[in-house]
Amino acid sequence: MNNEILLVDKPAGVSSFGVVARVRRELSEQAGMVEVKGKDGVVRQKRRKVKVGHTGTLDPFATGLLILLTGKGTKRANEFLKLDKEYIATIKLGEVSTTGDVEGIISSSSLVSSGDSRKENYQAGCSQADISPSRARVEEVVAGFVGEIEQTVPAYSAVKINGQRAYKLAREGKQVEMPTRKVKIYEIEILKYEWPELTIRCKVSSGTYIRALGEDIGKALGVGGYLTALRRTQVGEYRVEDARKIEK
């Protein structure tokens, strides 16, 4: 297994690090035992260590392609981090989440402006369907995100702020100013729109946060939004169809 690239179809509910640990354990078992002489001079049997690392984290709720590298191949991780990616994402419109996805605290959106007739619908107790954007409006807004855009890095992310992970600071309730970065959205295709759910397929540059994209689309529509599902289908030329289920 040394220097091999492993394509895994990550299931929901497990972290990327959890997948790495499981694969490392399995490969170590396959590698067998080796004799090691301790400081006390006693020779003992020890399981061989196998290096395993991933090339780009997927959130626990997300599924799809996770590329693992083993052995000396782990040194190539940065090559894969820079590759473009493709995702399929489902956005729940009309509500917002503290984390931008299903793992946060969900609440009704307050984004509809006071001068918008939809605000009156809210106050009159009308259903969400009464404030739903038209298909044409959704297509117009989504198309506006194609190209180079500026994203604010989500508070619940692994980016370090003053030496600490942003998600740790967010969980502690600390308010921090998150950095912005320029990313490229090569294409976005609307796969399905049936209020309040919008499903899109998007090809993006490395470093793009799809959670942030989902939130920004909801904001641009004036109704808010967060991700309920996310699946990574491609990294560079590697596709999820060629990946193994973790059970295998």
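**Notes on the model, point by point**

1. G236 sits in the loop that runs between strand 14 and strand 15. Please keep in mind as you read that this is a predicted model. G236 counts as buried, because its relative accessible area is 19% and the cut-off for buried is under 20%. Leaving aside neighbours within four places in sequence, G236 is in contact with L83 and D84. Its C-alpha atom is 7.8 Å from that of F80, although G236 and F80 are 156 residues apart in sequence.

2. F80 brings us to the aromatic rings. How many aromatic pairs does the structure hold? There is one. F80 and Y238 make up this pair, with 5.8 Å from centre to centre and 40° between the planes, and the arrangement is tilted. F80 belongs to helix 2 (residues 77-81) and Y238 to strand 15 (residues 238-239), so the pair ties together parts that are 158 residues apart in sequence. The two partners are worth checking for exposure: F80 is buried at a relative accessible area of 3%, whereas Y238 is partly exposed at 27%.

3. Next, the nonpolar interior. The largest nonpolar core has 30 residues, and L198, I200 and I217 are those with the most contacts inside it. Two or more residues come from each of these elements: strand 6 (85-93), helix 4 (135-143), strand 12 (180-194), strand 13 (197-204), helix 6 (210-221) and strand 14 (225-235). Which strand gives the most to this core? Strand 12 does, with five residues.

4. I200 is a good residue to click on if you want to look around this core. Not counting residues up to four places away in sequence, I200 touches Y87, I88, A89 and I91, along with I188, E189, I190 and L191, and also L213 and I217. Apart from this core lies another one, of 11 residues, and L6, L27, V50 and I246 are among them.

5. A glycine in helix 6 also deserves a look: G214. Is G214 buried or exposed? With a relative accessibility of 2%, G214 counts as buried. Beyond four places in sequence, G214 touches I91, G225 and L227. The C-alpha atoms of G214 and V142 are 9.9 Å apart, with their positions 72 residues apart along the chain.

6. Now the hairpin of strand 2 and strand 3. Strand 2 (residues 33-37) and strand 3 (residues 43-47) run antiparallel and are joined by five bridges. M33 has R47 as its bridge partner in strand 3, and V36 has R44. Five residues lie between the strands of this hairpin, and G41 takes a positive phi near 85°. As background, most residues other than glycine have a negative phi.

7. One peptide bond calls for a comment. W195 and P196 are joined by a cis peptide bond, with omega about 10°. Most peptide bonds, by comparison, are trans. P196 lies in the loop between strand 12 and strand 13.

8. For the chain as a whole, there are six helices and 16 strands. Of the 248 residues in the protein chain, buried residues make up 44%. Among contacts between residues at least 6 apart in sequence, 68% join residues at least 24 apart. The accessible surface comes to about 13,800 Å², and carbon and sulfur atoms account for 47% of that surface.

9. Last, a word on confidence. The mean pLDDT of the protein chain is 86, and 88% of its residues reach 70 or more. Where does pLDDT stay under 50? That stretch is residues 117-127, for which the model has 16 contacts beyond four places in sequence.

How values were computed: Residues numbered from 1 in each chain as written. Predicted model: local features only at pLDDT ≥ 70, side-chain atom pairs only at ≥ 80, totals over all residues. Heavy atoms only, no water. Core = buried A, V, L, I, M, F, W, Y, C linked by side-chain atoms within 4.5 Å. Buried < 20%, exposed > 50% of the residue type's maximum accessible area, 1.4 Å probe, protein only. Helix = DSSP H or I, 4+ residues; strand = E, 2+ residues; numbered from the N terminus. Contact = heavy atoms within 4.5 Å. Pairing = 2+ DSSP bridges. Phe/Tyr/Trp six-rings, centres within 6.5 Å; stacked < 30°, edge-to-face > 60°. pLDDT = per-residue confidence, 0-100. Areas by Shrake-Rupley, 256 points an atom, 1.4 Å probe, with all protein chains shown as cover.
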